[in-house]
Every structure is written in structure tokens, then in C-alpha cells.
Amino acid sequence: MLSLPRLFEREIQYPLFIFTVDYQKYTLVFLEKIREGADIWKKSKLIKLNIDRTNPYYTDKLVISNMQNKEDADDPMLIYKNMREAFSIEKVSKLFFNDYQHHFFAIRDFLLNQSIHMKQAHEFSQQLLNRLMFIYFIDKKGWLEHSPRFAAWFWQRYMQQSDNIALNLFYEKWLKILFLEAFNNQFSHPHYLPDDVRDALSRAPYLNGGLFKRNELDDLPIKLPDELIKNILNFFNKYNF
């Protein structure tokens, strides 16, 4: 039995499918042709994008914006080329990497100004970004409370605790608890966390790997400002993982 995209492919040369059951959440499926020879198209691959209309990511809006037929072209090949570029994973990856670099150097420069050795500053910056990025991956899989927007919720709950804000405690008292305790099956239920946050962290998955294992970088004498972490979270919040 043919799958639905393959069935439509018989009738439509370069198909784009849009599925929804509630007009709130949409799945866009683009069938990209892969050339094998000068005039031969033999292979194809499906590119899928899930969009929540009420809460779209920056990259979702970027793809939709790039889908516009800006030149009012009626040539199927030009329309297809425009669609292929709109769904280009490479383009989004390049944009992500440029943003990643910017925030990496922002962390590293801050640590260098705190007299942290270059090697440690480099490794800490990489570890922090990798840990945060991994949260977004598992959040997208629905493994955390309040998925798929756990990080935004976690930050919002912190901001609602006014006593913490002036002291820049998000990294030290919230993120490190998530990284080193909740994900390591060693959650200590700190009294200063709100009940709903303690409840969410108590059900966090045990990630049996090295990424969240405590190491010498976690014991560096640094205090990261909330503004720095906020900028990183805003960066990750833009992307549909």
C-alpha cells in the first residue's frame, strides 16, 4: 500500500502537503526531489515541519515567510526551487550556528573578565550551551513537565520569585539543581523552590550520561548574571528543535 505522500506524488510533480485536525496545530510536509543525472529525478525525501499556530517558533515563521512566491512565478520549477530553499535545513543550521557562536563568546568573555583561565572558560561555555540545548531536545520529545516549553516555563517561574532576581541566582540555585540533581536522580527538593517546580523536577528523567555529571567546571568560582542566561534562553526559544 502506498503512503499518502507517495500516492499524491503520482498526480503532483512537486507536492507540498499541509495537515491539521483543529486549525491550531499544522504539519507541513514537503517532498524534496533529489537529482540523479542531468534530467533524471529518482530519489526524494520528506521534510516535515510541525507548527503550533498559537505559539510558533521564530524558525517556523521564517520558513513560512520564505515560502512566499515573491516574484509571482508560474513556472513549476521556480516555485519548487523557492519551496526547497524555504525548507532548507542547511540555511537554518547556518543561522543557528552563527547565533550559537555569538552566545558562546559572550559566556567565554564574561568568564575571562572574571579571571577564569582560557581553557576552563572555553570548556565551561561549551558545556553550558550543550546542556541547555539538550534540554530543548528532550523537551521536544515530551520528557519534561510543561513540554514542549519547559525552559520558558522554568525561567518564568524563577522570575516570579522576586527575592532571587536581584541576586542573580538562576544559574546557581535553579539551573545547577536541574542539571546536577534532577537529571541525576539526586534531587534534594530545595526548600526555596516553589512547590510546582519541585514537583516538576522530582519527575525529571534520569539521564545516565556524562553531560550532566558533576565535574570541576561546575565548581568554578563564578556567578553568572541572569541577563546572560536570559539571552541564551531567548536564543534557543527561537528554534523549533
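The exercises below, each with a worked solution, concern a predicted model.

**Exercise 1.** Determine how helices α4 and α5 are oriented to each other, and which residues make their contact.

*Solution.* Two packed helices are described by the angle between their axes and the distance between the axes. Begin with these two values: α4, which covers residues 89–113, packs with α5 at an angle of about 135 degrees, and their axes are 9 Å apart. Next, compare the angle with the cut-offs: angles over 145 degrees count as roughly antiparallel and 65 to 115 as roughly perpendicular, with the rest above 35 degrees being oblique. The two helices, α4 and α5, are therefore oblique to each other, and α4 passes α5 in a right-handed crossing. Then look at the residues: on the side of α4 the contact includes Phe96, Tyr100, Phe104 and Ile107, while α5 contributes, among others, Ala121, Phe124, Leu128 and Met133. Finally, sort the residues of this contact by kind, which gives twelve nonpolar, five polar and one charged.

**Exercise 2.** Describe the largest nonpolar core and find which element gives the largest share of it.

*Solution.* In soluble globular proteins, nonpolar side chains tend to be buried together. Here the largest nonpolar core has 52 residues, and those with the most contacts inside it are Phe124, Leu128, Phe154, Leu178 and Leu201. The elements that give two or more residues to this core are α4, α5, α6, α8, α9 and α10, and the largest share, nine residues, comes from α5. A second, separate core has twelve residues, including Leu28, Phe30, Val63 and Tyr80. To follow one residue more closely, take leucine 128, which touches Ile107, Tyr171, Phe179, Leu224, Ile229 and Ile232 when residues up to four places away in sequence are not counted.

**Exercise 3.** Locate the cis peptide bond at proline 148, and decide whether asparagine 168 and asparagine 185, both with positive phi, are exposed or partly exposed.

*Solution.* Most residues other than glycine have a negative phi, and most peptide bonds are trans. The cis bond joins serine 147 and proline 148, with omega about 5 degrees, and proline 148 lies in the loop between α5 (118–140) and α6 (150–159). Turning to the asparagines, phi is near 55 degrees at asparagine 168, a residue of the loop between α7 and α8, whereas phi is near 60 degrees at asparagine 185, which is placed in the loop between α8 and α9. For the last step, exposed means over 50% relative accessible area. Asparagine 185, at 63%, therefore counts as exposed, while asparagine 168, at 28%, counts as partly exposed.

Notes. Residues are numbered from 1 along each chain as its sequence is written. This is a predicted model: local features need pLDDT of at least 70, side-chain atom pairs count only at pLDDT 80 or more; totals for chains, interfaces and linings use all residues. Side-chain values use heavy atoms; hydrogens and water are left out. Helices (H or I, at least four residues) and strands (E, at least two) are DSSP runs, numbered from the N terminus. Buried means under 20% relative accessible area, exposed over 50%, partly exposed in between (1.4 Å probe, protein chains only). Axes are lines fitted to C-alpha atoms, for helices over the stretch in contact, and angles run from 0 to 180 degrees between N-to-C directions. A crossing is left-handed if the near helix is turned anticlockwise from the far one by less than a right angle, and right-handed if clockwise. Contact means heavy atoms within 4.5 Å. Ala, Val, Leu, Ile, Met, Phe, Trp, Tyr, Cys and Pro count as nonpolar, Asp, Glu, Lys and Arg as charged, and the others, Gly among them, as polar. A nonpolar core is a set of buried Ala, Val, Leu, Ile, Met, Phe, Trp, Tyr and Cys residues joined through side-chain atoms within 4.5 Å.
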